[in-house]
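Colleague: Could you pick one part of this model and take me through it side chain by side chain? I'd like to know how it sits against the rest of the chain.

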Amino acid sequence: MKKYLITITPILVLAFVLQSCVTAKITSNKEASYTSQPKKIFIFFNGAKQSKDFSVGFLVGLQAGFKEKGVTTNYYVRDPLSLDTQEDINKKIDDFSPDAVMLIEQKVVHSTNGMVDGGRFEISLIDGASRKPVWKGEFEVDCHFGIDDAVNKGVKEIFKKFIEDKIVNP
C-alpha cells in the first residue's frame, strides 16, 4: 500500500499544479431592465489571426454550453481575407432571426513560448428587438499548459457569469 501511495502522490501533485495554472476571470455589466433570456443567439466572433486554434475551441465550447442551456446558436467568424461585405453578414444574422447577437472581439493575445494559450476578450450581447447592448463583459483566460485547458476553464467561467447575470437558466 505504501508503494502505491509513493507512486501516485507525485502524479496527483502534478495534476493539481497543472490545473491550478489556468486562470479565467470575467467582469460584466448588465442593463437592469433586461430580463429576457434569449433562446436564439447569433455569435459574431472576431479573434486574432494567431490564436485561431484557441478561437475555434472557444467558439465550439460556447456553442456546446448554450446548447446545454436550450439556446440555439449560429455564428460567423471574421476572417480578414473574407470577401463578405457587412451586408452579407447582416443578411446571415437576419436570416437566422436571433433573439440576441453576441459580439466577441479579442483584444489581447496571450502566448507562452510562441504558443497561444489565452487572451482578453470583450463580449457584448445585443438585444435582437431593440438592437441595443444589454450586457457587456470583459473576459480574460490564460493557461500555460495548453489550449484545451484554457478553453474549458474559460467556457465554464463565462457560463457561471451568464447564470449569475440571468442571461441563461442554471
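Modeller: What follows is a close look at helix 3, and then at what lies around it.

Bear in mind that this is a predicted model, where local features need pLDDT of at least 70 and side-chain atom pairs count only at pLDDT 80 or more, while totals for chains, interfaces and linings use all residues. Numbering starts from 1 along each chain as its sequence is written, and side-chain values use heavy atoms, with hydrogens and water left out.

First, the setting. The protein chain has 4 helices and 6 strands, arranged along the sequence as α-β-β-α-β-α-β-β-β-α. Helices (H or I, at least four residues) and strands (E, at least two) are DSSP runs, numbered from the N terminus. Of the 170 residues, 39% are buried; that word means under 20% relative accessible area, with exposed being over 50% and partly exposed in between (1.4 Å probe, protein chains only).

Now to helix 3, which spans residues 86-96. Its buried residues include Ile-89, Ile-93 and Phe-96. Looking down the axis, the buried residues fall within an arc of 65°, so they line one face of the helix; the arc is taken from the directions from the helix axis to the C-beta atoms. Over that face, the cover includes strand 2 (40-46), strand 3 (72-77) and strand 4 (100-112), where contact means heavy atoms within 4.5 Å. Phe-96 also has a charged neighbour: Lys-40 lies over the face of its ring, 4.6 Å from the ring centre. For that to count, NZ of Lys or CZ of Arg must be within 6 Å of the ring centre and within 35 degrees of the ring normal.

Turn to the face pointing away from the buried side, and you meet the exposed residues Glu-87 and Asp-95. Asp-95 counts as exposed because its relative accessibility is 56%. Its side chain meets that of Lys-91 in a salt bridge, at 3.1 Å from N to O. The term covers a side-chain nitrogen of Lys or Arg within 4 Å of a carboxyl oxygen of Asp or Glu. Lys-91 and Asp-95 are 4 residues apart, about one turn of the helix. An α-helix has 3.6 residues a turn, so residues three or four places apart point the same way. Right after helix 3 comes Ser-97, with a positive phi near 55°.

How does helix 4 (residues 147-164) handle its charges? There, Lys-160 and Glu-157 sit 3 residues apart and form a salt bridge at 3.4 Å, N to O. Lys-160 is partly exposed at 47%, whereas Glu-157 is buried at 15%. The whole structure has 5 salt bridges.

Back at strand 2, one of the elements covering helix 3, there's an aromatic link to follow. The structure holds 11 aromatic pairs, meaning rings of Phe, Tyr and Trp (its six-membered ring) with centres within 6.5 Å; planes under 30 degrees apart are stacked, over 60 edge-to-face, and the rest tilted. Phe-45 and Phe-58 have ring centres 6.0 Å apart and planes at 65°, so they are edge-to-face. Phe-45 is in strand 2 and Phe-58 in helix 2 (residues 52-68), so the pair ties together parts 13 residues apart in sequence. Both are buried, and they form one aromatic cluster with Phe-121 and Phe-139.
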